[in-house]
Amino acid sequence: MMHIIDLNSDLGESYGQWKMGMDSEVMESVCSANVACGFHAGDALVMIKTVKAAKAAGVAVGAHPGHPDIQGFGRRNMACTPDEVYAFVLYQIGALQAIAGAQGVKLEHVKAHGALYNQAAKDLEMAKAIARATKDAGGDLILLGLANSLFEQAAAEVGVPYAAEAFADRGYMNDGSLVPRSMPGAFVHDLKEAGERMVRLVKEGVVKSAEGKDIHLKAHSICLHGDNPAAVEMARGIRKALEGSGVQIRKIREVLKG
């Protein structure tokens, strides 16, 4: 049996003179880039630079919209209505579509950021608002969302292509949600452990929670973070572990086609 998976990363999250992440290094390990669209990070110049770099590296480009919360890096929950979520997600997709189009690049997917992502994973109306914005932006965009979450139901109800995502360096709760960043077990720091977890996820559809329970997850893409040198090393190591076990790395749309 052939096993295939996409590897993605959240990129373009610098802003003005402030630098976040190691985009060029992590692009060596992934095949899909989720590019920040200006609301939580990523100004217009950064967006252009990131899309150009992704094109040069042969990496697929997707929009990474977040809450309008630059000060909190989009990681603070906001009490937004579904109409507000729809509007600001569509706005951000549109901004990146224009920038990508100017570089001859077609957007492939949409993945919400931070608190917006985590809230929508448990709030169907919010997830549907993101799905509607993804569909209405056009271009047959794929909605990328947390595996075993309400994103899948939202995508089905709205009628938008859907890909489920897992996280290489994040811990899971027993219900399949991510361990909050403020809690013990939120992060997986050991490179060998992270690689083995992802190989098992792809081949068996199982990942162990921070509480020791086996959780069944079907994922089309794995997120590799690149916020620091150690994370870049982990991204490289996880790709090496997957390929070394016979897993083929492909872009999201190819994975969905099987």
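Is Ala164 buried or exposed? Select Ala164 in this predicted model: its relative accessibility is 5%, below the 20% limit, and therefore Ala164 counts as buried.

**The whole chain**

Before going further into the detail, display the full chain. The protein contains nine helices and ten strands. Its C-alpha atoms occupy a box of roughly 40 × 35 × 35 Å along the principal axes. The radius of gyration is 17 Å, which agrees with the value near 18 Å for a compact globule of 258 residues. Of these 258 residues, 55% count as buried.

Switch to a surface representation next. The accessible surface amounts to about 11,100 Å², and carbon and sulfur atoms account for 54% of that area. Colouring by charge brings up 28 positive and 30 negative side chains, with the centres of the two sets 4 Å apart. If contacts are drawn between residues at least 6 apart in sequence, 72% of them join residues at least 24 apart.

**Strand S6 and Ala164**

Return to Ala164, which belongs to strand S6, residues 162–167. Show its surroundings, leaving out residues up to four places away in sequence: Ala164 touches Leu144, Gly145 and Ala147, and also Lys218, Ala219, His220 and Ser221. For a distance across the model, select Val247 as well; the C-alpha atoms of Ala164 and Val247 are 17 Å apart, with their positions 83 residues apart in sequence.

**His220**

From Ala164, move to one of its contacts, His220. His220 sits in the loop that links strand S8 (214–216) and strand S9 (221–223). With a relative accessibility of 16%, His220 counts as buried. Beyond its neighbours up to four places away in sequence, His220 touches Ile5, Asp6, Tyr162, Ala163, Ala164, Val255 and Leu256.

**Strands S2 and S3**

Select strand S3, residues 60–64, next. Five of its five residues are buried, so S3 is largely enclosed by the rest of the structure. Viewed by side-chain direction, Ala60, Gly62 and His64 point one way from S3, whereas Val61 and Ala63 point the other way.

Add strand S2, residues 32–36, to the selection: S2 and S3 run parallel and are joined by five bridges. Within this pairing, Asn34 stands opposite Gly62 of S3.

**Ser29, ahead of S2**

Which residues does Ser29 contact outside its neighbours within four places in sequence? They are Leu7, Leu224, Ala235, Arg236 and Arg239. Ser29 itself is in the loop between helix H1 (23–26) and S2. Its relative accessible area is 3%, so Ser29 is buried.

**Two residues with positive phi**

Two loop residues close the tour. Select Phe73 in the loop between S3 and helix H3 (82–102). Its phi is near 55 degrees, a positive value in a residue other than glycine. Phe73 is buried, with a relative accessible area of 11%.

Finally, go to Asn148, in the loop that connects strand S5 (142–146) to helix H6 (150–158). Asn148 is not a glycine, yet its phi is positive, at about 60 degrees. The relative accessible area of Asn148 is 44%, a value between the 20% and 50% limits, and therefore this residue is partly exposed.

Methods: Residues are numbered from 1 along each chain as its sequence is written. This is a predicted model: local features need pLDDT of at least 70, side-chain atom pairs count only at pLDDT 80 or more; totals for chains, interfaces and linings use all residues. Side-chain values use heavy atoms; hydrogens and water are left out. Helices (H or I, at least four residues) and strands (E, at least two) are DSSP runs, numbered from the N terminus. The radius of gyration is taken over C-alpha atoms; the globule rule is 2.2 Å times the number of residues to the power 0.38. Buried means under 20% relative accessible area, exposed over 50%, partly exposed in between (1.4 Å probe, protein chains only). Contact means heavy atoms within 4.5 Å. Accessible areas come from the Shrake-Rupley method with a 1.4 Å probe; for residues, only the protein chains shown count as cover. Lys and Arg count as positive and Asp and Glu as negative; His and the chain ends are not counted. The place of a charge is taken as NZ of Lys, CZ of Arg, CG of Asp or CD of Glu. Two strands pair if DSSP finds at least two bridges between them.
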